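Me: I have a chain open and would like to go through it piece by piece. Can we take it slowly?

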Amino acid sequence: MMNRHTAAAGALLAALVLTACAPPNYNVRAPTPSGLKYVVAGAAPEKSYSLLDERRVDGKIFSFGILPAELKIDGKPIDAVPFFTSQLQAELASRGLPTKIANGASTPPAIHLRDYRMENMRTSAYTPFITLTYLSADVETPGGTKRIGAFVTRGKTPVWSFEEIIDPTFNQPLALGIQEFASKFANAVYGYRASDETVKALTLKINGTRTPNTFLDVYALGFTNSPAALDTLIGLTKDSQEYVRQAAIASLGNLGASTQLGALKATYQDQAVSWQDRCIALKSIADLGTPESTAFITDEAKRLGANSSKETQVMSRILALYL
């Protein structure tokens, strides 16, 4: 009994220490559309989509986790549904796809939003502040309704103040989540991809002088929807730079690289690799959408359901985006 009380007191003390210096809200910026152009024969047909909010009642708080972290843009809290609607429309327009999205309209075709939120985690004052962005929707396409999921994780250990975490753990994943969803939407609805020239230019940039933002170029390569990007991305899944490697692993799922199922399963099941690598590999397995990958994540969801650890709960939330 004493041990349980001691553990509970320790957990409470740790939470108090973590939250003592954390601000109650963060001023973030709206994503800048990527402008990643797709090859479109002639003028792209304008499409109109309804956005239907079908999130669970207990999943409507956008920012949640161990630390209080309300996210604001221009002083106003992010309202998940209108934010997603406006940002997705802007991102698609920047790629040459004039898609109008009306929030709350009931006219088909529709995007049925199932989940959109950002979780934060931190285990101590000496470990990274981590965010996990979840996004899931059923999209009515010419070929039938398709489930589209997106998952982004980023981390940063603040040294001087929590201001240091805003760009890497809030701004960047907000943008990447929208860009990932837009890429999958463009592929599912239009079948569009970027040109070979765009793929080559991104590949040259990635293989050139590395910068702190090279991982964003790796994500962009995955957002091209082009199979020509695969060889480069496969090689980068073993990169020594953490976020370059994770962007490459994520991109295998974004591109639907079903030939890489074995490699993704090996990464996910390897307890020696980082937990974030394993989460991203699991997300990419779910992205593949083949009978084999679907059977794997269905079995894995059942297995994980019996484990209540915080890390396992995150993996269960990732799988719920797709199941």
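Reply: Let us begin with one helix: the buried residues of α5 are Thr214, Phe215, Asp217, Val218, Tyr219, Ala220, Leu221 and Gly222. Buried means under 20% relative accessible area, exposed means over 50%, and partly exposed lies in between, using a 1.4 Å probe and protein chains only. Helices (H or I, at least four residues) and strands (E, at least two) are DSSP runs, numbered from the N terminus.

Me: Why is helix α5 called largely enclosed?

Reply: Helix α5 covers residues 214-222, and because 8 of its 9 residues are buried, it is largely enclosed by the rest of the structure. Its buried residues pack against β9 (144-156), α3, α4 (196-207), α6 (230-236) and α7 (242-254), where contact means heavy atoms within 4.5 Å.

Me: What kind of model is this, and how are things counted?

Reply: This is a predicted model, in which local features need pLDDT of at least 70 and side-chain atom pairs count only at pLDDT 80 or more, while totals for chains, interfaces and linings use all residues. Residues are numbered from 1 along each chain as its sequence is written, and side-chain values use heavy atoms, with hydrogens and water left out.

Me: What is the mean pLDDT, and where does it stay under 50?

Reply: The mean pLDDT, the predictor's confidence in each residue on a scale from 0 to 100, is 90 for the protein, and 91% of the residues reach 70 or more. Over residues 4-20 pLDDT stays under 50, and the model has 9 contacts beyond four places in sequence for them. Where pLDDT is low, the predicted coordinates should not be read in detail.

Me: Switching to rings, how many aromatic pairs are there?

Reply: The count comes to 12 aromatic pairs. One of them joins Tyr26 and Phe170, which are tilted, with 4.9 Å centre to centre and 50 degrees between the planes. Rings of Phe, Tyr and Trp (its six-membered ring) pair if their centres lie within 6.5 Å, and planes under 30 degrees apart count as stacked, over 60 as edge-to-face and the rest as tilted.

Me: Where do those two sit, and are they buried or exposed?

Reply: Tyr26 is in strand β1 (residues 25-27) and Phe170 in helix α3 (residues 166-189), 144 residues apart, so that the pair links distant parts of the chain. Both Tyr26 and Phe170 are buried. Elsewhere, ring pairs link Phe62, Phe84, Tyr116 and Phe181 into a cluster.

Me: What does Tyr26 stand opposite in β4?

Reply: Tyr26 stands opposite Leu71, and 3 bridges join β1 to strand β4 (residues 70-73), the two running parallel. Two strands pair if DSSP finds at least two bridges between them. The open sheet has 3 strands in the order β1-β4-β5, with mixed pairing, and its edge strands are β1 and β5 (76-77), each pairing on one side only.

Me: And how do β8 and β9 run?

Reply: Strand β8 (residues 129-141) and β9 run antiparallel, joined by 13 bridges, and a hairpin connects them through 2 residues.

Me: Last one: why does Arg245 count as buried, and what does its side chain reach?

Reply: Arg245, which is found in helix α7, counts as buried because its relative accessibility is 17%. Its side chain reaches the backbone oxygen of Asp239 at 3.0 Å, and the side chain of Arg245 also makes a polar contact with the side chain of Asp277 (2.6 Å). A polar contact is a pair of N or O atoms within 3.5 Å; within protein, one must be able to donate a hydrogen and the other to accept it, and residues adjacent in sequence count only if both atoms are side-chain atoms.
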